[in-house]
Amino acid sequence: MARITDHLRKDHVRLKALFAQYEYDPASKFAEIKELLELHTEVEEKGVYPASKSFAKDEVEHAKKEHDKADKLLANLEKDPTNIEAFHELRDAVLHHIEEEELEYFPLVEEHLDEEKQYELDEEADRMADEK
Ligand SMILES: [Fe+2]
Ligand SMILES: [Fe+2]
């Protein structure tokens, strides 16, 4: 049994690893990053973000804006995955977002969200991944 924040931290670790490998194989790494980032974003926006609105409203609103920015940077990189400048823009924005979630947002979730709900959201996240 894991909490949703553990689940999301694992995705963050995988994303960082993909970023680190990117320049060796942009086309296939781009595809992997896109798939993981889209699923991760969906899991957060359909699950933990709405569930934490009552105690982390500002953090959630801020996070959604950063997701929108990452979506745009991802679409821009998709036009040419070998564009390293565009890759760096996406990578830096996502790393910044990950750091804020882990330092500021996840601790709020772990402290204030009903524990049972934290486990439930993890199970839901697994189901969403299986449906892909
Ligand atoms: Fe996020
Ligand atoms: Fe995240």
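What pattern does the protein follow, read along the sequence? It goes α-α-α-α-α. This is a predicted model, and it has five helices and zero strands.

**Overall build**

Let's start with the whole chain. The C-alpha trace spans about 45 × 30 × 20 Å along its principal axes. With 132 residues, a compact globule would have a radius of gyration near 14 Å, and the protein's 15 Å agrees with that. Of those 132 residues, 24% count as buried. If you take contacts between residues at least 6 apart in sequence, 71% of them join residues at least 24 apart.

**The two cores**

Now for the inside. In soluble globular proteins, nonpolar side chains tend to be buried together. Here, the largest nonpolar core has 14 residues, and the members that touch the most others are Ile4, Val48, Tyr105 and Val109. Every helix chips in: helix 1 (4–21), helix 2 (26–51), helix 3 (57–79), helix 4 (84–112) and helix 5 (115–131) each supply at least two residues of this core. There is also a second, separate core of seven residues, with Phe30, Ile33, Phe87 and Leu90 among them.

Which residues does Ile4 contact, leaving aside its neighbours within four places in sequence? The list is Gly47, Val48, Gln118, Leu121, Asp122 and Ala125. Val48 from that list is another of the core residues that touch the most other members.

Tyr105 is a good residue to click on next. You'll find Tyr105 in helix 4, and it counts as buried because it has 23 C-beta neighbours inside 10 Å, where the cut-off for buried is 20 or more. Not counting residues up to four places away in sequence, Tyr105 touches Ala56, Glu59, Ala63 and Glu100. Asp58 sits 47 residues from Tyr105 along the chain, yet their C-alpha atoms are separated by 9.8 Å.

Over in the second core, Leu90 also lies in helix 4. Leu90 is buried, since 24 other C-beta atoms lie within 10 Å. Set aside the neighbours within four places in sequence, and Leu90 is in contact with Ala70, Leu73, Leu74 and Leu77. Lys79 is 11 residues from Leu90 along the chain, with 13 Å between the two C-alpha atoms.

**How the helices pack**

Two helix pairs are worth a look.

Helix 2 and helix 5 pack at an angle of about 155°, with their axes 10 Å apart. That angle makes helix 2 roughly antiparallel to helix 5, and the crossing is right-handed. On the helix 2 side, the contact is made by Leu39, Glu42, Val43, Gly47, Val48 and Ala51. Helix 5 answers with Lys117, Leu121, Glu124, Ala125, Met128 and Ala129. Some of these names will be familiar: Gly47, Val48, Leu121 and Ala125 are also in contact with Ile4.

What about helix 1 and helix 4? Their axes come within 11 Å and cross at roughly 165°, so the two helices are roughly antiparallel to each other. The crossing of helix 1 and helix 4 is left-handed. Helix 1 brings Thr5, Arg9, His12, Leu15 and Phe19 to the contact, while helix 4 brings Arg91, Val94, Ile98, Glu102, Phe106, Val109 and Glu110.

**Two partly exposed residues**

Is Lys29 buried, exposed or partly exposed? With 19 C-beta neighbours inside 10 Å, Lys29 counts as partly exposed, because buried takes 20 or more. Lys29 has its place in helix 2 and touches Leu18, Gln21 and Tyr22, not counting residues up to four places away in sequence. Phe19, one of the helix 1 residues in the contact with helix 4, is 10 residues from Lys29 in sequence and 7.9 Å away in space, C-alpha to C-alpha.

His88 lies in helix 4. It is partly exposed, with 15 other C-beta atoms within 10 Å. Leu77, which is in contact with Leu90, is 11 residues from His88 along the chain, and their C-alpha atoms are separated by 9.6 Å.

Here are the C-alpha distances from above in one place.

| Residue pair | Apart in sequence | C-alpha to C-alpha |
|---|---|---|
| Tyr105 and Asp58 | 47 residues | 9.8 Å |
| Leu90 and Lys79 | 11 residues | 13 Å |
| Lys29 and Phe19 | 10 residues | 7.9 Å |
| His88 and Leu77 | 11 residues | 9.6 Å |

Notes. Residues are numbered from 1 along each chain as its sequence is written. Chains are lettered from A and ligands numbered from 1 in the order in which they are written. This is a predicted model: local features need pLDDT of at least 70, side-chain atom pairs count only at pLDDT 80 or more; totals for chains, interfaces and linings use all residues. Helices (H or I, at least four residues) and strands (E, at least two) are DSSP runs, numbered from the N terminus. The radius of gyration is taken over C-alpha atoms; the globule rule is 2.2 Å times the number of residues to the power 0.38. A residue is buried if 20 or more other C-beta atoms lie within 10 Å of its own, exposed if 12 or fewer, and partly exposed in between; C-beta atoms are placed from the backbone. Two residues are in contact if their C-beta atoms, placed from the backbone, lie within 7 Å. A nonpolar core is a set of buried Ala, Val, Leu, Ile, Met, Phe, Trp, Tyr and Cys residues joined through C-beta atoms within 7 Å. Axes are lines fitted to C-alpha atoms, for helices over the stretch in contact, and angles run from 0 to 180 degrees between N-to-C directions. Angles under 35 degrees count as roughly parallel, over 145 as roughly antiparallel, 65 to 115 as roughly perpendicular and the rest as oblique. A crossing is left-handed if the near helix is turned anticlockwise from the far one by less than a right angle, and right-handed if clockwise.
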